[in-house]
Amino acid sequence: MSERHIILDGAIVADEWTLLAADHQGALPAGKLIVPLAQWLARRDEFIERAALHDLPWGVWLEGDEDPAQLTGDLARLALIAIHFPKFADGRGYSTAYLLRSRHGFKGELRAIGDVLRDQVFYLKRAGFNSFAIRADKPVKDALNALKDFSEPYQGSVDEARPLFRRARRGEVVA
Amino acid sequence: MYKYDIYDQRIVDERVAQFRDQTRRFLAGELSEEEFRPLRLQNGLYIQKHAPMLRVAIPYGLLSTRQLRKLAGIARDYDHGYGHFTTRQNIQFNWPALERVPDILAELATVEMHAIQTSGNCIRNVTSDQFAGVAHDELVDPRPYAEIIRQWSTFHPEFAYLPRKFKIAVSGSVEDRAGTLFHDIGVQVARNDSGEVGFKVLVGGGLGRTPILGHVIREWLPREHVLTYFDAILRVYNRHGRRDNMYKARIKILVKERGLDAFKREVDAEWAFLKDGPGTLTQAEIDRVAAHFVDPDYADLPDVEVDFERARRDNKAFARWVSRNVFGHKRAGYAAVTLSLKKTGVPPGDATTGQLEAVADLADRYSFGEVRVSHEQNLILADVRQSDLFAVWEAAKAIGFATPNIGLLTDIIACPGGDFCSLANAKSIPIANAIQARVREKLGDLDYLFDIGDIELNISGCMNACGHHHVGHIGILGVDKHGSEFYQVSIGGSQGEAASLGKVIGPSFAQDDMADVIEKLIGTYVDLRHEDERFIDTVRRTGIEPFKARVYTGLTRETADV
């Protein structure tokens, strides 16, 4: 299997994580795992033990309709949370990301997975994602450029809580 | 009106660059149709029957003459020489070439305009009262708040991929001319007893397949909280609105399914985290935006202009036009003029390059260089001196915009319908034209029309209800029955403060029967009305039965149950 690359904190890096499918059965693969929320909730103690044994960080992934509040007790021990976009036009994950960052204070890697395309990464970044697993058939580098589509947005969000009217002197016109 | 600062300008310029690249990638095959679709829709671009259609935002209906001339130029250079004003304060161009749309957006950006979020499942162009700032019944000027909401909603990162479209309207007067009861969020700006400005917030109204009037979710919201409160409503909707069925995806369905009280509790719980946070409006920002909406340099004029009164007395046609197309102004000696885009034989809301340029000239000469667009698809000169009304009337006649029919039967609201729109089940414009033509046949002169009096007739070519048929005193909906076009008629709807939804009178009619149907509805009203009773009041008093009985008698063509 060829090495997969993602965008993390504005740079293209090799992906070190393995994503466990929702219907995964049987033994766990080696290395750093991102497990589905349902499995995490069902086998939490086992996962924590394994993490301690191998000195590995843990990740969990959520569907758009899953409530991030279910993870509030675990946020400190999770290195990564991924949010799945079944279709790029399904925007629930933006609010999930906002809540994880702003409401629940998650500081780890927040990754967008699934139908993640360059034309959405600017909004995704603003809503709190710092990691993007761009859909496999699309060039990752392309998406990197789109993180800078706009220089000064109007409203506050996760990346910048202050709206433009609180952070800039408004009213200056072009000469 | 609002002038862009360097930040506003940079945002629209960067949008043009972004969309130019997206269009290039689509044409190069790097973006699939499915991937490109939401991107182009959020720039107002539809792929229609004949060609793409580009919908340009006219935020809360305000245009400078410089902007109007630019629109006229775009109609000439990129289209077939005309544009169509919509029922949501937008203008549509029906014939642009896809590869030239980025150039059109670049031209718009030079005059502080854009097509941002005029379509797609996002927060749409914010709309308001066409008489904002000049209306005699205004409580608070809604324009600064409409602009503040426009900026907040523009590229809101969390709410660009909502379950469905989301429309916000702002009103600030006694009579609600912005339709706040049938928007996803409607706000009515007012002042409380202490003189503070705040909003009554309505949520979950809308037309479309399931018409519902909005519910009051908050009687009084101090103005500084408007954006955090909107964030809370939108977040609850984005997370919990239905995405399994596009016909049940609007916020009105979420509010209905949860119940208003439960929905309000969820919003309040969310808002508790946001209230008084950084999204709270500052006095400085309110003042900055409000400073763009100060009165123009009005002259001190007498209440009554002698020449104007004389002209009105001596010239019956002028008097008629004044009685229908001139609206009371807050300032002595001034008036707001509605230019009718509802001349018989012309699609409602259409205007040619030449007409748009002529209106710009009129506005420069008589109305401080500003024009408004109403959701009834007409144009307004908001600040005309009474002593200039005669000259404005003559000039408007010369371009076909002086039909004295505002609020009358021929001032028909209609979507573009099946002639242009790929969503439509049926045509709208030929129905509007047939009704207007019948009125003309009947009359010879205008007495019939004036005798019928105030009436609103709205036509939509499909369930999406762009023609607002549910709130027409007479509403017409185009439907499809086994591949044929039929028209369902409802009566008793109305917009405004006492808004109501019309009731369907029965099976749908063939296109060729529609003029007869309308004539019979009007005939029933004329027979039954009490003195000074409007059509809508008669319907409310008698119910739909007498109308129904008359209309279905003597039809020769088949009707259709749809």
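Let's start with chain B: 56% of its 562 residues count as buried. Keep in mind that we're looking at a predicted model. The C-alpha atoms of this chain fill a box of roughly 60 × 60 × 55 Å along the principal axes. In secondary structure, chain B comes to 18 helices and 21 strands. Its radius of gyration is 23 Å, close to the 24 Å from the globule rule for 562 residues, so chain B is as compact as a globular protein of that length. As for how the chain folds back on itself, take the contacts between residues at least 6 apart in sequence: 67% of them join residues at least 24 apart.

How is chain B divided into domains? The assignment gives domain 1 (6–109), domain 2 (127–290), domain 3 (306–398) and domain 4 (413–551). Look at the last pair in that list. The C-alpha centres of domain 3 and domain 4 of chain B lie 26 Å apart, and the contact between them takes seven residues from domain 3 and ten residues from domain 4. On the domain 3 side, those residues split into two nonpolar, three polar and two charged.

Now for the sheet that runs β6-β7-β8-β9-β10 in chain B. These five strands make an open sheet with mixed pairing. Why do β6 (127–128) and β10 (215–222) each have one side without a neighbour in the sheet? Both stand at the edges with a single partner strand, so one side of each is left free of a neighbour there. For β10(B), one pairing to trace is with β9 (residues 197–203): the two strands are antiparallel and share five bridges. If you want a place to check the register, B:Val203 has B:His215 as its bridge partner in β10(B). As a reminder, strands of a sheet pair through backbone hydrogen bonds, either parallel or antiparallel.

Next, the nonpolar interior. The largest nonpolar core has 201 residues, and the members that touch the most others are A:Phe132, B:Ile233, B:Val337, B:Val359 and B:Leu381. Helix α6 (residues 226–240) of chain B gives the largest share of this core, nine residues. B:Val337 is a handy one to zoom in on. Which residues does B:Val337 touch, leaving aside its neighbours within four places in sequence? They are B:Asn325, B:Val326, B:Ile380, B:Leu381, B:Val384, B:Leu389 and B:Val392. One of these, B:Leu381, is also on the list of residues that touch the most other core members.

Follow the chain out of α6(B) and you get to B:Gly241, in the loop between α6 and α7 (251–258) of chain B. Is B:Gly241 buried or exposed? It has 24 C-beta neighbours inside 10 Å, and the threshold for buried is 20 or more, so B:Gly241 counts as buried. Not counting residues up to four places away in sequence, B:Gly241 touches B:Leu162, B:Pro163, B:Ala249, B:Ile251 and B:Leu254. B:Asn125, on the other hand, is 116 residues away from B:Gly241 in sequence and 21 Å away in space, C-alpha to C-alpha.

Over to chain A, where β1 (residues 5–8) is a good entry point. It runs antiparallel to β2 (residues 11–14), and four bridges join the two. Together β1(A) and β2(A) form a hairpin with two residues between them, and A:Asp9 in the turn has a positive phi of about 50 degrees. β1(A) also pairs with β8 (residues 131–132), again antiparallel, through two bridges. A:Leu8 shows up in both pairings: it stands opposite A:Ala11 in β2(A) and opposite A:Ser131 in β8(A).

For a loop residue in chain A, try A:Glu160, found between α5 (140–146) and α6. With 15 other C-beta atoms within 10 Å, A:Glu160 is partly exposed. Its C-alpha atom is separated by 37 Å from that of A:Glu49, and the two are 111 residues apart along the chain.

Finally, the place where the chains meet. The contact takes 34 residues from chain A and 33 residues from chain B. On the chain A side, the elements giving two or more residues are α3 (92–103), α4 (121–126) and α6 (164–167), with α3(A) supplying the largest share, five residues. By type, the chain A side divides into 16 nonpolar, seven polar and eleven charged residues.

How values were computed: Residues numbered from 1 in each chain as written. Chains lettered and ligands numbered in written order. Predicted model: local features only at pLDDT ≥ 70, side-chain atom pairs only at ≥ 80, totals over all residues. Contact = placed C-beta atoms within 7 Å. Nonpolar A, V, L, I, M, F, W, Y, C, P; charged D, E, K, R; others polar. Rg over C-alpha atoms; globule rule 2.2 N^0.38 Å. Buried ≥ 20, exposed ≤ 12 C-beta atoms within 10 Å, placed from the backbone. Domains from an automatic or database assignment. Core = buried A, V, L, I, M, F, W, Y, C linked by C-beta atoms within 7 Å. Pairing = 2+ DSSP bridges.
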